[in-house]
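Q: Could you take me through one part of this protein slowly, as if I were looking at my first structure? I'd like to see how the pieces around it fit into the picture.

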Amino acid sequence: MASKKVQSPLFRSLPLCQHHPRRPPFVKHIKTGEPLHVGRTLSVRHVASSSLHHGSRMPSVKQVASATDDQIATVHTSVDLEKGNPMRPFLGREWLPNDVCRLVLFVGVHLVSLLSPFYFTWPALWVGFALYIVTGLFGITLSYHRNLTHRSFNLPKWLEYTFAYCGVLAHQGNPMDWVSTHRFHHQFTDTNKDPHSPTEGFWFSHVKWALDKTYLSAKCGEPDNVGDLRKQPFYRFIEKTYYLHLLAFTLLLYAAGGIPFLVWGVAVRVMLVIHITFLVNSVCHIWGERAWNTSDLSKNNWWVALLSFGEGWHNNHHAFEYSARQGLEWWQIDMTWGVIRMLEALGLATDVKLPTEQQKKQMAL
């Protein structure tokens, strides 16, 4: 079955994932009396064109004009990490129980990973590597990201749930939590509502955001943008029992191979997958190259792409977020896309979405 060239972006059927209804997309509200930090002023033409690839309703000239009257001004297209937004306190803030659990797990896997030289065995190494592929590629990049978040392709429900469960074992949150955060990221990319923009500091975008549910809720609101997942009993069940699955799998590995399997199959593997995923949030919004005229800080970074199974082609992704393929050039290695093509050839992946040549021309620099 041939891949489908879509003419309209993702989320046109998901109104909760649209841009803020009170403003044209990518245009930042400036309150009266608030210091105006000017980046690149958007013309009516640019605002109109930028709305196409993010699934927003095309703003009219009248809307843009009224937005100007309200002092809606600019989008930041560069970031000064030293003069960015005020730093959010890390310790002197409210800590929710989920924040504490995440912090304990995050610190725990790093501490246990220090034991890896003392508990090295070849079987443990291969178990860790296999789980890195299963949870990182099949679980996070293929399932959580391209399938569940962006609906870049469809899978039979049994296979969708299988891959999603692989994502659960990556220790990055339940599917609804992960998908909601990433949809908010695309809705508010590199604005003050972005869940993890480096405009608030590198380490905030890399890890601190994941340990601060209160701040995320204050910026983005409640996770009401995953109605398509919440209506499915499987995802509601995983949400309620998430930590039990992590505990059960940890005990299973310990029973199978003792401490070496625990160290390499859980701690080292989870540490690597978490940091590689978070490199996309941090590094790929600071360092790299831009191939497309997106109104954000996203960059293509080749070495992050190699580590993350193709996710490092991040400017490509922000230009065409609905695309199942992120390495758009023949030389841009995208292992996740290779798996999707294989699933498509087997008749398991359907409605595979790719950008058209016309859409590429519209987004070209």
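A: Happy to! Let's begin with residues 126–144, a span that is 100% helix and 0% strand. The C-alpha atoms at its two ends lie 24 Å apart. Keep in mind that this is a predicted model, so every value here is computed from it.

Where does that span come from? The UniProt entry, which is unreviewed, annotates residues 126–144 as "transmembrane region", along with residues 100–120 and 242–264. In the model, residues 242–264 are also 100% helix and 0% strand, and their end C-alpha atoms are 21 Å apart.

Now let's move to one residue, T277. You will find T277 in helix α10, which covers residues 233–282. Is T277 buried or exposed? Its relative accessibility is 15%, and because buried means under 20%, T277 counts as buried.

Who are its partners? Setting aside neighbours within four places in sequence, T277 is in contact with I140, Q172 and W178. With Q172 there is something extra to look for: the side chains of T277 and Q172 make a polar contact at 3.0 Å.

Finally, a word on cysteines. C166 has 13% relative accessibility, so C166 is buried by that cut-off. C284 is at 0%, and therefore counts as buried too. How many disulfides does the model have? The count comes to 0.

Key: Residues numbered from 1 in each chain as written. Predicted model: local features only at pLDDT ≥ 70, side-chain atom pairs only at ≥ 80, totals over all residues. Heavy atoms only, no water. Helix = DSSP H or I, 4+ residues; strand = E, 2+ residues; numbered from the N terminus. Buried < 20%, exposed > 50% of the residue type's maximum accessible area, 1.4 Å probe, protein only. Polar contact = N/O pair within 3.5 Å; in protein donor to acceptor, adjacent residues only side chain to side chain. Contact = heavy atoms within 4.5 Å. Disulfide = S-S within 2.5 Å. UniProt positions renumbered as here; feature names shortened; annotations may be inferred.
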